[in-house]
Amino acid sequence: MTTITISNELKHTCPNLHIGCITYHHIVIESIPQMIERRMAVFFNELKLALENKNVSDIDGVSQFRKIFKAVGTDPSRYRPSQEALFRRVIKSGELYSVNSAVDINNFFSLHYEIPIGIYDLKQIHGDIQLRIGDDHDTYEGLNGRVMSMKNKITSGDERGAFGSPIVDSKRTMVTEKTTDALALVYLKPSMQEDEAHQLLQAMRDMFIQVHGGDASYKWIK
């Protein structure tokens with residue numbers, strides 16, 4: 001079983017940063033079901049209208065994570081929290097491009113709860129995972145096609161090095177339609193209480209399993 005920890009440096013720098021994790025097994029990832037796709041389209045359209053005359057950085061979840069980013073040394077205007085990037089895409093176009101059912105549903109969760117979420121192929125993760133503040137050695141090829149330097153950024157890493165962050169994740173651990181076991185790292189709002197966090201993680205787990213089958217468990221990492 002993979003152990004997930006938060007480094008002492010990150011705990012000290014961001015004592016209110018809480019991480020949830022959901023582990024999925026025996027899932028089937030494919031194209032997003034049409035019924036859910038239609039519901040998500042309605043949600044995106046309503047979100048676009050609601051945010052039309054608002055500043056994205058004022059959204060509660062975005063604002064909280066911008067402060068977290070600044071605390072670890074990341075410029076949030078240059079490297080935006082992933083949910084902020086999603087909000088900006090929806091405001092611009094009223095939709096998000098579809099990747100696969102796992103990524104699409106996690107993007108919905110990210111917007112609905114205003115938080116960054118990463119989902120990874122467990123078979124591409126090697127050894128235990130630590131969330132930490134990156135240094136000069138932490139780099140990876142991101143899903144955006146760019147080589148990401150994770151220095152002074154929150155990053156997750158295994159025995160092979162960094163593979164994820166609340167900015168953009170790596171190609172090495174991305175989920176595809178071949179993925180059968182996955183891990184979601186959920187960056188909870190610093191203001192969130194434990195009871196609320198458990199309700200959120202349970203709701204995410206249940207909806208994901210309804211679409212993908214399999215089984216899952218979740219926990220709050222302290």
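Me: Which residues of α6 are buried?
Reply: Happy to help! Keep in mind that this is a predicted model. Residues count as buried when their relative accessible area is under 20%. In α6, those residues are Ala197, Leu200, Leu201, Met204, Phe208, Ile209, Val211 and His212.

Me: Within what arc do the buried residues of α6 fall, seen down the axis?
Reply: Picture yourself looking along the helix. The buried residues line one face of α6, whereas Asp195, Gln199 and Gln210 are exposed on the other side. They line one face because the buried residues of α6 fall within an arc of 160°.

Me: Which elements do the buried residues of α6 pack against?
Reply: Good one to follow in the structure! The helix itself covers residues 194-212. Its buried residues pack against β2 (18-25), α2 (34-50), α5 (101-113), β3 (117-121), β9 (182-188) and β10 (215-221).

Me: How far does α6 reach from its first C-alpha to its last?
Reply: Start with the length: α6 has 19 residues. At 1.5 Å a residue, the expected reach is 27 Å. The model comes close to that, with α6 reaching 27 Å.

Me: Which residue follows α6?
Reply: Look just past the end of the helix. The residue there has a positive phi, near 70°, and is Gly213.

Me: How many disulfides does a search of the whole structure find?
Reply: A disulfide is a covalent bond between the sulfur atoms of two cysteines. Here, the sulfur of Cys14 is 19 Å from the closest cysteine sulfur, in Cys21, which is too far for a bond. Cys21 is in no disulfide either. The number found in the whole structure is zero.

Terms used. Residues numbered from 1 in each chain as written. Predicted model: local features only at pLDDT ≥ 70, side-chain atom pairs only at ≥ 80, totals over all residues. Heavy atoms only, no water. Helix = DSSP H or I, 4+ residues; strand = E, 2+ residues; numbered from the N terminus. Expected span 1.5 Å × (residues − 1). Buried < 20%, exposed > 50% of the residue type's maximum accessible area, 1.4 Å probe, protein only. Arc of directions from axis to C-beta. Contact = heavy atoms within 4.5 Å. Disulfide = S-S within 2.5 Å.
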